[in-house]
Each structure stands twice: as structure tokens, then as C-alpha cells.
Amino acid sequence: MTSAMPKPPAVLLPGTGSDEVFVRSVFAGPLAAAEIALLAPEPPHGSRLAVGFLTMIDSVAERRECPLLVGGVSFGAHLAASWAVAHPDRCAGLLLALPAWSGEPAGAPASRAAQASADLIENEGLDATLRLSTAGVPQWLADELNRAWRRHGDGLAAGLRIAASYPAPTPAELAKLDVPVGIAACSDDPVHPAEVAHAWARALPRAAVRETTLTALGEDRESLGRAAVEAWLSVR
């Protein structure tokens, strides 16, 4: 289902330790079906992860003549929402997948996991950390971690630490965003609890949540992107 109204381009950011390759695998198809152009920037190096992504969105917004649709996965969703809070006049809407906490991390599972991974990398090295981190996880996730984490190189631990401590928007900040927001959650994801996605939706004036599962994501990466895009279209 699409609208005759013109749609803005979408700038979508990856989660911690992930990259634009994964973002494209999740969102390119669903966005193309909705006739929305996708811009997926590469992750900045190391400790510049957050400020670099925010600066990238600023640069794209300055070049465009229309407000942007912004979003991302996990930490990328946090950053996109934070940018929208700071620039509501430049934001046409949000596509958010797997938000992990509101406000300060305060021991959220995703924050603890990122911090623990950074500690392991610095103490044991990347190869040992990947062996430990992928033990017992689905093969698709193990493959994704091995691919993306190695690509981050020596900046991975610093990037993980930035994400682990970076505040997400608070419910009060989200309440000021009067733009359409589509949120995707995985009901079987303990690291990104679905309740966080629903709490964000309750705080936002115009938001919807669509749930999928990590099992579905393993079989079809676009299942997560479709959930976010369909939720956004339902409130647009």
C-alpha cells in the first residue's frame, strides 16, 4: 500500500557493531516497494560513532530540499530519534527497529552486552570474543557478527563503549515529536525487549508498532524492515 503523496528519502543507521550492509539487507526491499529511496551511510570509526552519524544526517538534511525520513536499528534507531528531537522541522518521520532503552541505559540488556563485548575484545582479542559471542547463537547471527565486527577493525571496542553509555530519547522528548513513526520489534529478542518499542510508541503522538521475530529475521532479513515500514505507513 502506497500513497500518491511524495515520500522523502530515508537515512537509516545500523546498530552497534553492525553496518550499512545489514541495513540494506533489512530495508532496501521494503523501502523500494514503498517507493522510498534509501541512504545507508557507513559507520564512523571508533569513538566517533555517534557524533559521526549525527553529523552525516545533518549533511544530508542540508543538501535536501525536503525533510528526511530517518531511522535505524537498535543504537541507530536511538541516534535517529535523538536527531529528530533536536531537528523536528527537518524530520518527516521515523523508521525505528529494535529500540533498546529510553533515556539513560541504566543496565539495559543491550548496554550490558555492548560493554561486556568491548571488555572481552580489549582483554582477549577479537577472535576469542567472536568465539564466545557466537557460541550457541543461530548461524545467521554468528555469520553477521563475524562479518561486521571484523570490518570495524580496531575501532570496534570504542564504538561498543560509546553505544553502551549513550542516552536514548526520554519519553518526554519523544512526546514532542509530532511525526509519523513506525517501530519494529522482535517478540523473542531479550536484548531489545518488545516492551521498549511499545513504550516508545505510547510516548510518541503518532506511532505504531509491528512485531516480528528473530526467527523470521534469520530466514528473511526484510521481515524487520517490512514491519517498520508497514507501521510507518499505517500512521502516515
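**The largest pocket and the packing of H5 against H6**

In this predicted model, the largest pocket has a volume of about 880 Å³. Its lining is made up of 34 residues, and those that lie nearest the centre of the pocket are Thr16, Leu141, Leu145, Val191 and His192. Sorted by class, the lining of the largest pocket comprises 22 nonpolar residues, together with ten polar and two charged ones.

Several helices take part in this lining, since at least two residues each are supplied by helix H3 (75-86), helix H4 (109-124), helix H6 (139-152), helix H7 (156-165) and helix H10 (214-219). The largest share of the lining comes from H6, which provides six residues.

Helix H6 also packs against helix H5 (residues 126-134), the axes of the two coming within 10 Å and crossing at roughly 155 degrees. Because angles over 145 degrees count as roughly antiparallel, H5 and H6 are therefore described as roughly antiparallel to each other. The crossing of H5 and H6 is right-handed. On the H5 side, the contact involves Leu126, Asp127, Thr129, Leu130, Ser133 and Thr134, which meet Ala142, Leu145, Asn146, Trp149 and Arg150 in H6. By class, the residues of this contact of H5 with H6 divide into five nonpolar, four polar and two charged.

The pocket and the helix pair share a residue, Leu145, which is among the lining residues nearest the centre of the largest pocket and is also one of the H6 residues that meet H5.

Notes:
Residues numbered from 1 in each chain as written. Predicted model: local features only at pLDDT ≥ 70, side-chain atom pairs only at ≥ 80, totals over all residues. Heavy atoms only, no water. 1 Å grid on protein atoms, 1.4 Å probe; cavity = no way out; pocket = protein on both sides within 12 Å on 5 of 7 lines; lining within 4 Å. Points joined across faces, edges and corners; volume = space filled by probe spheres on them. Helix = DSSP H or I, 4+ residues; strand = E, 2+ residues; numbered from the N terminus. Nonpolar A, V, L, I, M, F, W, Y, C, P; charged D, E, K, R; others polar. Axes fitted to C-alpha atoms, helices over the stretch in contact; angles between N-to-C directions. Parallel < 35°, antiparallel > 145°, perpendicular 65-115°, else oblique. Left-handed = near helix turned anticlockwise from the far one by under 90°. Contact = heavy atoms within 4.5 Å.
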